[in-house]
Amino acid sequence: MLIIVAALKPCYGLYLGRRHLYIRNDLENHLPLKIHCWSKDNDLGLMTLKFTQETSWSFKDNNIWGTKFECDMEFKLEGQMKRGQVVVYNNKKKIRTRECRKRCKWSVRKYGLYAFDEKDKKWDFEIPW
């Protein structure tokens with residue numbers, strides 16, 4: 001029985017309800033953002049977000065095997081393509097300064113990704129390009 005209990009304990013972010021993940025295009029100069037997100041169980045497809053447009057999805061954590069979402073992102077800035085593959089959610093590893101509970105919000109900007117801190121109600125710079 002102890003083995004099962006240990007396996008059920010996630011390393012980070014224990015929350016038993018549905019989580020909602022949001023990614024918003026806040027790139028300067030109204031630049032479009034190409035984005036493709038997936039987990040081991042779900043492919044959310046390729047989409048292009050206009051300035052201030054967001055994509056979102058909801059899910060429940062798999063506390064035994066883990067839940068992880070990654071995204072490829074791409075945009076053109078000053079004639080150069082900026083690309084990055086980022087982990088936007090992982091319940092087995094800390095990827096943000098502050099954990100998100102029900103709503104995990106990301107803002108894609110010129111210098112990288114910002115995460116919304118639900119406690120302080122502010123955006124924190126988290127992942128550089």
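What pattern does the protein follow, read along the sequence? Colour by secondary structure and trace the chain: α-β-β-β-β-β-β-β-β-β. That's 1 helix and 9 strands, and keep in mind that you're looking at a predicted model.

Stay with the whole chain for a moment and switch on a surface. About 8,000 Å² is exposed, with carbon and sulfur atoms supplying 53% of that area. Of the 129 residues, 40% are buried. Contacts reach a good way along the sequence, too: among those with a separation of 6 or more, 55% link residues 24 or more positions apart.

Now go inside. Select Leu21, Ile23, Met73 and Val88: within the largest nonpolar core, which has 25 residues, these four touch the most other members. Then highlight the elements that give two or more residues to this core: β1 (19-25), β2 (33-38), β4 (54-59), β5 (68-77), β6 (80-90), β7 (103-109) and β8 (112-117). The top contributor is β5, with 5 residues.

Next, centre on Ile23 and show what surrounds it. Beyond its neighbours within four places in sequence, Ile23 is in contact with residues including Ile35, Trp57, Met73, Val88 and Trp106.

Last stop: Leu27, in the loop between β1 and β2. Is this loop residue buried or exposed? Leu27 is buried, because its relative accessible area is 1%. Bring up its contacts, skipping neighbours within four places in sequence, and you'll find Pro32, Leu33, Phe51, Phe75, Val108, Arg109 and Lys110. Finally, draw a distance from the C-alpha of Leu27 to that of Ser107: the two residues sit 80 apart along the chain, yet the label should read 8.7 Å.

Key:
Residues are numbered from 1 along each chain as its sequence is written. This is a predicted model: local features need pLDDT of at least 70, side-chain atom pairs count only at pLDDT 80 or more; totals for chains, interfaces and linings use all residues. Side-chain values use heavy atoms; hydrogens and water are left out. A nonpolar core is a set of buried Ala, Val, Leu, Ile, Met, Phe, Trp, Tyr and Cys residues joined through side-chain atoms within 4.5 Å. Buried means under 20% relative accessible area, exposed over 50%, partly exposed in between (1.4 Å probe, protein chains only). Helices (H or I, at least four residues) and strands (E, at least two) are DSSP runs, numbered from the N terminus. Contact means heavy atoms within 4.5 Å. Accessible areas come from the Shrake-Rupley method with a 1.4 Å probe; for residues, only the protein chains shown count as cover.
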